[in-house]
Structures are given as C-alpha cells and as structure tokens.
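Colleague: I should like to learn how cavities, burial and backbone angles are read from a model. Could you take me through them one at a time?

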Amino acid sequence: MTDQESAANRGTSERVIGDFLQRRREQISQRWADEPLFRTVFTVSRDEAVEAAGALVEALAAVAASGRSEDLRAPGFTGVREQLMRMAVSRARAGATPARIADEVAALRPSITDLLIADLAGSDGETSGPHVTTLTVLLGTLRLAVMETVLSSGEEIIERQRLQLLEVATPVIKLWNGIVAVPLIGTLDSARSQVVMESLLDAVVAQQARFAILDITGVPTVDSLVAQHLMKTVAAARLMGAECIVSGIRPAIAQTIVHLGLDLGSVVTRASLADALAYALHQQGAVIVDRAGDGGGPR
C-alpha cells in the first residue's frame with residue numbers, strides 16, 4: 001500500500017469516526033457520565049456530567065472530521081480546553097495524581113470502543129479494525145491534551161500558592177494611629193520586594209499613615225539589590241506622603257552596607273522596631289513615659 005493510499009484510508013476512517021461520534025453522542029455521553037473522570041467532578045447532578053461528556057464528544061467529532069486526530073492543537077480541542085482545565089483542577093484539588101487522572105481518561109475508551117464495534121457489526125473485521133485503531137489514536141490524543149492541561153493547571157496552582165505565601169510572609173501591621181510596620185523575615189528578592197512595596201503602599205492609603213516602618217531584623221543578609229529595593233520602597237512611601245523608617249540594621253548588615261558603598265543617608269534608620277516606633281510617636285507629638293525605672297512597671 002502506497003503512502004497516498006494509506007493517507008486516503010486514514011482520512012476515510014477519521015470521517016467514519018467523526019460521523020459515529022455525532023450519531024452516538026447521547027449514548028456515549030450517558031456512558032461517560034458514569035465513569036470516574038466525570039462522576040467525581042460533577043457531583044451536583046448527573047445531568048451536568050452528561051452535558052459535560054456531550055461537549056467532549058462533540059469536540060472529538062470535530063477533531064476527527066478535520067482529519068487531525070493526532071494533533072493536540074486541532075481546533076476541535078479549543079472549545080473544551082477550559083472545561084478540561086476545570087476538571088483537571090478539580091481532580092488535582094481532590095488529591096488525584098497526574099497518573100491517576102491519565103488512567104481515568106484511558107478508562108473512557110472501552111465503553112466507546114464497544115459501542116463502535118456494535119455499530120460496525122455489519123462490517124467484516126478488516127473494515128472495522130482501522131476504525132477502531134483511529135478511535136484509539138483519537139482518544140490517545142485526548143489523553144495527551146488532558147495531561148497537558150493537568151500539568152498547566154498544576155503550575156498555575158503552584159504559582160498562586162507562591163504569591164499567597166509571599167503575601168502572608170509580608171504582613172503590614174498597624175502599630176498606632178498613623179503608624180504602620182512591615183516586619184521582614186527571610187531573604188528578599190525582586191518578587192517579594194514588589195509585594196512588600198504594594199502591601200505597604202496599600203496600607204499607607206488605607207490607614208492614612210504618616211509613618212511606615214520597615215523592620216529588617218529578620219533579614220539575614222543585605223546586598224546591593226536588597227538595598228535598592230529598600231530605597232525604592234522608601235521613595236514610593238514618600239510619594240504617598242508617608243515617612244519611611246528602616247529598623248533592625250544589625251552590625252554585620254551595617255558593615256556590609258558600608259563596604260558596598262551604599263548611601264542610605266536620606267533614610268531614617270533606627271536600631272530596633274521599638275526605637276522606630278518611639279521616633280514615629282515623638283514626631284506625632286506623643287509623649288512616652290517609661291515608668292519601669294521608678295517602680296511603676298510590672299512586677
């Protein structure tokens with residue numbers, strides 16, 4: 001058989017499969033609605049699972065009709081990628097591994113293959129065999145499309161969780177009327193520094209803060225990049241009408257800053273968060289009385 005004859009037979013088989021999927025859409029949808037892939041995602045009602053399965057069958061029919069059964073980028077898959085994404089995310093959140101999801105997609109094949117064989121019962125084995133092969137290839141492509149979607153959704157979940165952790169790791173605390181603080185712990189990088197700046201500026205606006213304290217007591221090292229981020233944050237806070245105070249500069253960090261030749265002369269600095277708060281309160285005209293020294297403190 002020549003390549004042209006083989007391509008012609010494959011094209012004929014794909015048209016047969018496309019027609020089969022369109023004719024048997026309802027039956028296939030009913031069968032697939034009971035499979036784990038749909039049953040575990042669409043739990044509100046079975047009709048919802050049937051509708052979702054029907055949309056997927058229509059997509060596969062469009063792919064087969066286009067003659068691109070092995071193409072992940074076939075137009076027919078475009079309409080169901082969002083649905084596949086929702087299903088993949090739902091299964092991943094339920095604890096299903098990519099391997100398990102792949103097995104659930106593979107489990108769709110037996111029921112539809114049995115239906116195809118029954119539909120082609122009047123044909124001899126040599127005629128129905130290529131059609132079954134084409135259907136297997138088509139469902140294999142669907143499996144690849146689902147796995148691609150699973151991996152993509154997994155990356156999105158990881159990125160979203162990373163951003164959430166950054167926000168949790170950089171809380172903005174209201175210390176007093178007009179005074180907010182960001183206690184920084186751990187290493188600062190570009191992404192986290194951007195979150196710090198955005199969170200601090202949002203708090204300055206929301207709290208109408210006049211003073212913003214950046215406490216770096218928990219930052220292990222400060223290099224030129226970190227210092228630049230701090231300077232940008234200070235400048236941005238000033239543009240919002242708040243004076244920024246950097247506290248918690250330990251001796252080792254102070255030496256590093258000096259060795260790097262960084263100019264922090266325009267930045268108000270204090271040794272500790274308590275000193276920075278005292279400075280901000282004094283600037284607002286508050287009077288602080290330390291009663292612990294005259295016996296009035298806690299015993």
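Modeller: What follows takes confidence, cavities, one strand and two loop residues in turn. This is a predicted model, in which local features need pLDDT of at least 70 and side-chain atom pairs count only at pLDDT 80 or more, while totals for chains, interfaces and linings use all residues. Residues are numbered from 1 along each chain as its sequence is written, and side-chain values use heavy atoms, with hydrogens and water left out.

Colleague: What is the mean pLDDT of the protein chain?

Modeller: pLDDT is the predictor's confidence in each residue, from 0 to 100. The chain has a mean of 83, with 86% of its residues reaching 70 or more.

Colleague: How many cavities of 30 Å³ or more does a search of the whole structure find?

Modeller: Rolling a probe the size of a water molecule over the atoms shows where empty space is left. A cavity is a set of points, on a 1 Å grid over the protein atoms alone, where a 1.4 Å probe fits but cannot get out, and its lining residues have an atom within 4 Å of a point. Grid points are joined across faces, edges and corners, and a volume is the space filled by probe spheres set on the points. Here the search finds three such cavities, and the largest holds about 70 Å³.

Colleague: Which elements give two or more residues to the lining of the largest cavity?

Modeller: They are helix 11 (224-239) and helix 12 (251-260), helices being DSSP runs of H or I with at least four residues and strands runs of E with at least two, numbered from the N terminus. Helix 11 gives the largest share, three residues. Among the lining residues are Ile216, Met231, Ile253 and Thr269.

Colleague: Is strand 3 mostly covered or uncovered?

Modeller: Buried means under 20% relative accessible area, exposed over 50%, and partly exposed in between (1.4 Å probe, protein chains only). Strand 3 (residues 211-218) is mostly covered, with six of its eight residues buried.

Colleague: Where is Gly248, and is Gly248 buried or exposed?

Modeller: Gly248 is in the loop between strand 4 (243-247) and helix 12, and counts as buried because its relative accessibility is 3%. The C-alpha atoms of Gly248 and Leu214 are separated by 8.5 Å, although the two are 34 residues apart along the chain.

Colleague: What is the phi of Gln208?

Modeller: Most residues other than glycine have a negative phi. Gln208, which is not a glycine, nevertheless has a positive phi of about 50 degrees; Gln208 is found in the loop between helix 10 (190-207) and strand 3, and is exposed, with a relative accessible area of 67%.

Notes: 1 Å grid on protein atoms, 1.4 Å probe; cavity = no way out; pocket = protein on both sides within 12 Å on 5 of 7 lines; lining within 4 Å.
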